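Visitor: I'd like a tour of this one, please.
Guide: Sure, have a look first, then ask away.

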Amino acid sequence: WSSDVCSSDLASAEDVIEMMYAGATAVEIGAENLRNPYVCKEIIERLPSLMDELNIEKLSDVIGRAHQ
């Protein structure tokens, strides 16, 4: 069994992209939900514009790119 799910303390769309660059295929938003109950909504809303800024067409394209 192996896990490609990042369960670090993610709090932003930038964190999500960073973890996916490192190889995560999914991320888990944990304790940040207690500090900011809207964090998931905020991340989902921010991801498309961040992807545009970084010239990322598909989020899956960045998975593991840091290791290439």
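Visitor: Let me start with one side chain. Is Arg-35 buried or exposed?
Guide: Arg-35 counts as exposed, at 52% relative accessibility. Here buried means under 20% relative accessible area, exposed means over 50%, and partly exposed is in between, using a 1.4 Å probe and protein chains only.

Visitor: Anything I should know before going on?
Guide: This is a predicted model, so local features need pLDDT of at least 70 and side-chain atom pairs count only at pLDDT 80 or more, while totals for chains, interfaces and linings use all residues. Residues are numbered from 1 along each chain as its sequence is written, and side-chain values use heavy atoms, with hydrogens and water left out.

Visitor: And what average pLDDT does the protein chain have?
Guide: The average is 88, and 88% of the residues score at least 70. pLDDT is the predictor's confidence in each residue, from 0 to 100.

Visitor: Which element has the lowest mean pLDDT?
Guide: That's strand β1 (residues 5–6), with a mean of 58, whereas α3 has the highest, 97. Where pLDDT is low, the predicted coordinates should not be read in detail.

Visitor: OK, the layout. How many helices and strands does the protein chain have?
Guide: There are three helices and two strands, in the order β-α-β-α-α from the N terminus on. They are DSSP runs numbered from the N terminus: helices are H or I with at least four residues, strands are E with at least two.

Visitor: Back to Arg-35. Which side chain does Arg-35 meet in a salt bridge?
Guide: Glu-32, at 2.9 Å from N to O. A salt bridge here is a side-chain nitrogen of Lys or Arg within 4 Å of a carboxyl oxygen of Asp or Glu. Both residues lie in helix α2, three residues apart, which is about one turn of the helix. Unlike its exposed partner, Glu-32 is buried, with a relative accessible area of 13%.

Visitor: How many salt bridges does the whole structure have?
Guide: Five. One of them pairs Glu-14 with Arg-46, at 3.0 Å from N to O. Glu-14 lies in helix α1 and Arg-46 in helix α3, so this pair ties together parts that are 32 residues apart in sequence.

Visitor: What else does Arg-46 bridge to?
Guide: Glu-53, where the closest N and O atoms are 2.9 Å apart. Through shared partners, Glu-14, Arg-46 and Glu-53 become one network of salt bridges. Glu-53 is exposed, at 53%, while Glu-14 is partly exposed at 37% and Arg-46 is partly exposed at 25%.

Visitor: New topic: the inside. Which residues of α1 are buried?
Guide: In α1, residues 13–21, those are Ala-13, Val-16, Ile-17 and Met-20. They sit on the same side of the helix because they cover an arc of only 95° around its axis, the arc being that of the directions from the helix axis to the C-beta atoms.

Visitor: What covers them?
Guide: The cover includes β2 (26–27) and α3. Take Val-16: leaving aside neighbours within four places in sequence, Val-16 is in contact with Leu-10, Val-27, Ile-43 and Leu-47. Contact means heavy atoms within 4.5 Å.

Visitor: How many residues are in the largest nonpolar core?
Guide: 13, and Ala-13, Val-16, Ile-17, Ile-29, Ile-43, Leu-47 and Ile-56 touch the most other members. The largest share, five residues, comes from α3. A nonpolar core is a set of buried Ala, Val, Leu, Ile, Met, Phe, Trp, Tyr and Cys residues joined through side-chain atoms within 4.5 Å.

Visitor: Any odd backbone spots? What is the phi of Asn-55?
Guide: Asn-55 has a positive phi of about 55°, although it is not a glycine. Most residues other than glycine have a negative phi. Asn-55 lies in the segment after α3 (39–53) and is exposed, at 70%. Gly-23, which follows α1, also has a positive phi, near 125°.

Visitor: Last one: where is Asn-36 found?
Guide: In the loop between α2 (32–35) and α3. Asn-36 is buried, with a relative accessible area of 18%.
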